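Here is a friendly walk through one protein model, from a single residue out to the whole chain. Keep the viewer open and follow along.

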Amino acid sequence: MLAVLSGLAFVGTAVTHMLDDGAVCVETDFWRNASLATEDPLPINKGVDAASSAARLCQDSPSVGQRAADLGGGLPWLLFGTLALLLFSRLLKGVLLQGPFTDVVSRRLSALGWFVTLGTPIAGLVVGWSHSWLVASMAPIVGSDPTVAGPQALVLAGLAAVIMGKIMREGVRMREDLEGTI
């Protein structure tokens with residue numbers, strides 16, 4: 001049910017965002033070490049240097065490419081989460097129907113693990129590139145180098161699921177061998 005709701009949120013967000021006629025905004029830390037203006041100084045102590053941490057850029061009438069790049073800043077993670085929930089629900093369905101230590105469950109756990117392991121950096125790359133392209137479309141001096149955004153620690157969780165799936169598969173084989181000898 002969560003996968004279906006996430007899928008509907010994905011489609012709804014994509015459609016409403018592309019049809020929206022509002023401004024597109026993006027933040028960049030390209031100027032993170034730039035000094036702040038000295039004509040109106042901040043109320044800081046003597047000897048303290050102030051630098052800007054982020055710049056917010058907004059385009060009032062964005063192009064279709066800018067709107068799509070803005071959409072690519074968050075939608076890949078929603079799609080990734082939807083598909084991961086769908087694979088997880090199939091895994092749970094297999095556990096309920098056949099039990100936890102079966103070949104079907106071990107294969108589904110491995111499939112979920114590989115999806116998380118490979119999907120995390122791909123979604124992060126799409127989000128990072130969309131963000132950097134959007135910034136570069138508003139401030140050409142920044143450039144649009146591909147970056148990876150998001151929680152890349154999920155790769156470790158995916159690899160752990162792959163390993164557990166292989167361990168479970170070996171346990172299933174051992175149990176089948178034992179049942180065959182008795």
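## A buried valine

Valine 162 is buried, its relative accessible area being 5%, which is under the 20% cut-off for that class. Please keep in mind that this model is predicted. You will find valine 162 in helix 5, which covers residues 154-181.

Which residues does valine 162 contact, once its neighbours within four places in sequence are left aside? They are Ser110, Gly113 and Trp114. Arginine 108 is also worth finding: 54 residues separate it from valine 162 along the chain, yet the C-alpha atoms of the two are 9.5 Å apart.

## Helix 4 against helix 5

The contacts of valine 162 belong to a longer list, in which residues of helix 4 meet residues of helix 5. Helix 4 spans residues 103-138. Ser110, Gly113 and Trp114 are among its residues on that list, together with others including Asp103, Leu109, Thr117 and Pro121. From helix 5 the list has Val162, and among its other members are Leu154, Gly158, Met164, Arg169 and Val172.

Two packed helices are described by the angle between their axes and the distance between the axes. For helix 4 and helix 5, the axes come within 7 Å and the crossing angle is roughly 160 degrees. That angle is over 145 degrees, so helix 4 and helix 5 count as roughly antiparallel. Their crossing is left-handed.

## Helix 1 against helix 2

Now turn to helix 1 (residues 2-19) and helix 2 (residues 64-71), whose axes come within 10 Å and cross at roughly 150 degrees. This pair is therefore roughly antiparallel as well. Is the crossing of helix 1 and helix 2 left-handed or right-handed? It is right-handed. On the helix 1 side, Thr13, Ala14, His17 and Met18 take part in the contacts; on the helix 2 side, the partners are Val64, Arg67, Ala68, Asp70 and Leu71.

Arginine 67 deserves a click of its own. This residue sits in helix 2 and counts as buried, with 5% relative accessibility. Setting aside residues up to four places away in sequence, arginine 67 touches His17 and Met18, and also Asp20, Asp21, Gly22, Val24 and Pro62.

## The disulfide

How many disulfides does the structure hold? There is 1, formed by cysteine 25 and cysteine 58, with 2.0 Å between their sulfur atoms. Cysteine 25 belongs to strand 1 (residues 24-28) and cysteine 58 to strand 2 (residues 55-59), so the bond ties together parts of the chain that are 33 residues apart in sequence. The link is right-handed, with 110 degrees about the S-S bond.

Are these two cysteines buried, exposed or something in between? Cysteine 25 is partly exposed, with a relative accessible area of 25%. Cysteine 58 is partly exposed too, at 42% relative accessibility.

## The whole chain

Stepping back, the protein has 5 helices and 2 strands, and along the sequence they follow the pattern α-β-β-α-α-α-α. Of its 182 residues, 30% are buried, valine 162 and arginine 67 among them.

Contacts often span long stretches of sequence here: of those between residues at least 6 apart, 77% join residues at least 24 apart. The exposed area of the protein is about 11,700 Å², and carbon and sulfur atoms supply 66% of that area.

Methods. Residues are numbered from 1 along each chain as its sequence is written. This is a predicted model: local features need pLDDT of at least 70, side-chain atom pairs count only at pLDDT 80 or more; totals for chains, interfaces and linings use all residues. Side-chain values use heavy atoms; hydrogens and water are left out. Helices (H or I, at least four residues) and strands (E, at least two) are DSSP runs, numbered from the N terminus. Buried means under 20% relative accessible area, exposed over 50%, partly exposed in between (1.4 Å probe, protein chains only). Contact means heavy atoms within 4.5 Å. Accessible areas come from the Shrake-Rupley method with a 1.4 Å probe; for residues, only the protein chains shown count as cover. A disulfide is a pair of cysteine sulfur atoms within 2.5 Å. Axes are lines fitted to C-alpha atoms, for helices over the stretch in contact, and angles run from 0 to 180 degrees between N-to-C directions. Angles under 35 degrees count as roughly parallel, over 145 as roughly antiparallel, 65 to 115 as roughly perpendicular and the rest as oblique. A crossing is left-handed if the near helix is turned anticlockwise from the far one by less than a right angle, and right-handed if clockwise.
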